[in-house]
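Visitor: Hi, I'm new to this one. Could you walk me through it?
Guide: Sure, have a look first.

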Amino acid sequence: MNYFLTEEQQMIKDLASKIAKEKIAPVALKYDEEGIFPHDILKVLADSDLCGVYIPEEYGGLGGGVFEMSLVVEELSKACGGIALAFAGTGLGTFPIILFGTEEQKKKYLPDIALGKKLAAFGLTEADAGSDAAGIRTSAVPDGNEYVLNGTKQWITNGGEADIYTIIACTNRSKGARGFSAFIVEKGTEGFLFGKKENKMGIRASATRELIFENCRIPKENILGKEGMGFIVAMKTLDRTRPGVAAQAVGIAQGAFDYALKYSKQRV
């Protein structure tokens, strides 16, 4: 099928395919069985300028968008869905900054993500709040020039490995979903801890961890958009990034088909 890719998009696709075949496929089984986070593969992606395909050029990226990100995710997923998710999960954590960040926030965080120096993650899900995002219990209380975060996020992709986290927390419980706000929280912030790493049945090269906030103080300038916009930030982010999940599924399916076809020609 001819998808009418531009010359640049075809180059992105071909480069991601080459990395998948040469760098990911030989180690995919080991990384999955042992749950190894693919820092070395991410460095290859960074050196190939693929980490910034969806980040605007003015912040060090290639100026593409969700489609370019999905092209990379699909090709990497043909070799390993877990390793691909380390890349895709960073996209999920980055899009809130692209969509709602101030100019100062974008200049501070996006260049390092585009260069592959830092990974990102998205903290929405809790034990009782995932698909039902309105059930969020993590709170953010204003205190002077800071917000104080308390609560727990669960099953967070890139948890513990990422450097930059977009966290959805409740700033006004009486307003329901309209009382949520979105914040940028950096790894290493006092009161920001990592809990259990999930021992999953698959996609094990991707880290899935619990995030814990215990009187975690973050500056007010780390809010994304305005107070009360957290639900909008979350939904707009998911709207933009869900195609990446579909691309991962397509890539895994294609990879499985190719593997089965090859085996069918060799088996006795």
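Guide: We'll go through some strands, a charged patch and a few salt bridges.

Visitor: Before that, what kind of model is this?
Guide: This is a predicted model.

Visitor: Okay, strands. Is β4 buried or exposed?
Guide: Seven of the seven residues of β4, which covers residues 164-170, are buried, so the strand is largely enclosed by the rest of the structure.

Visitor: Which way do the residues of β4 point?
Guide: They go two ways: I164, T166, I168 and C170 point one way, while Y165, I167 and A169 point the other way. All of them are buried.

Visitor: And which strand pairs with β4 in the parallel sense?
Guide: That's β1, residues 120-123, which pairs with β4 over four bridges. If you want a spot to look at, find G123, which stands opposite I167 in β4.

Visitor: Which one pairs in the antiparallel sense?
Guide: β5, residues 180-186, pairs with β4 that way, over seven bridges. There, A169 has S181 in β5 as its bridge partner.

Visitor: Switching topic: which residues gather in the patch of negative charge?
Guide: E7, E8, E57, E58, E103 and E104 come together on the surface to make that patch.

Visitor: Which helices each supply at least two of its residues?
Guide: α1 (7-24) and α6 (103-114) do. E104, for instance, is found in α6.

Visitor: Why does E104 count as exposed?
Guide: Because its relative accessible area is 60%, and exposed means over 50%.

Visitor: Now the salt bridges. How many does the structure hold?
Guide: There are 13 salt bridges in the structure.

Visitor: Which residue forms one with K43?
Guide: D47 does, with the closest N and O atoms 3.0 Å apart. The two are separated by about one helical turn, because they sit four residues apart in α3 (residues 39-47).

Visitor: Are K43 and D47 buried or exposed?
Guide: K43 counts as exposed at 52% relative accessibility, and D47 counts as exposed at 55%.

Visitor: What about K30, which residue does it bridge to?
Guide: K30 forms a salt bridge with E34, where the closest N and O atoms are 3.0 Å apart. Both lie in α2 (residues 28-34), four residues apart, or about one turn of the helix. K30 counts as partly exposed, at 43% relative accessibility.

Visitor: Last one: which residues are linked in a network of salt bridges?
Guide: K13, E75 and K78 are linked that way. You can also look for K196 and E198, whose side chains meet in a salt bridge at 3.6 Å, N to O.

Methods. Residues are numbered from 1 along each chain as its sequence is written. This is a predicted model: local features need pLDDT of at least 70, side-chain atom pairs count only at pLDDT 80 or more; totals for chains, interfaces and linings use all residues. Side-chain values use heavy atoms; hydrogens and water are left out. Patches are made of residues with over 30% relative accessible area and no salt bridge: like charges are joined within 9 Å, nonpolar side chains (Val, Leu, Ile, Met, Phe, Trp, Tyr) within 5 Å. Accessible areas come from the Shrake-Rupley method with a 1.4 Å probe; for residues, only the protein chains shown count as cover. A salt bridge is a side-chain nitrogen of Lys or Arg within 4 Å of a carboxyl oxygen of Asp or Glu. Lys and Arg count as positive and Asp and Glu as negative; His and the chain ends are not counted. The place of a charge is taken as NZ of Lys, CZ of Arg, CG of Asp or CD of Glu. Buried means under 20% relative accessible area, exposed over 50%, partly exposed in between (1.4 Å probe, protein chains only). Two strands pair if DSSP finds at least two bridges between them.
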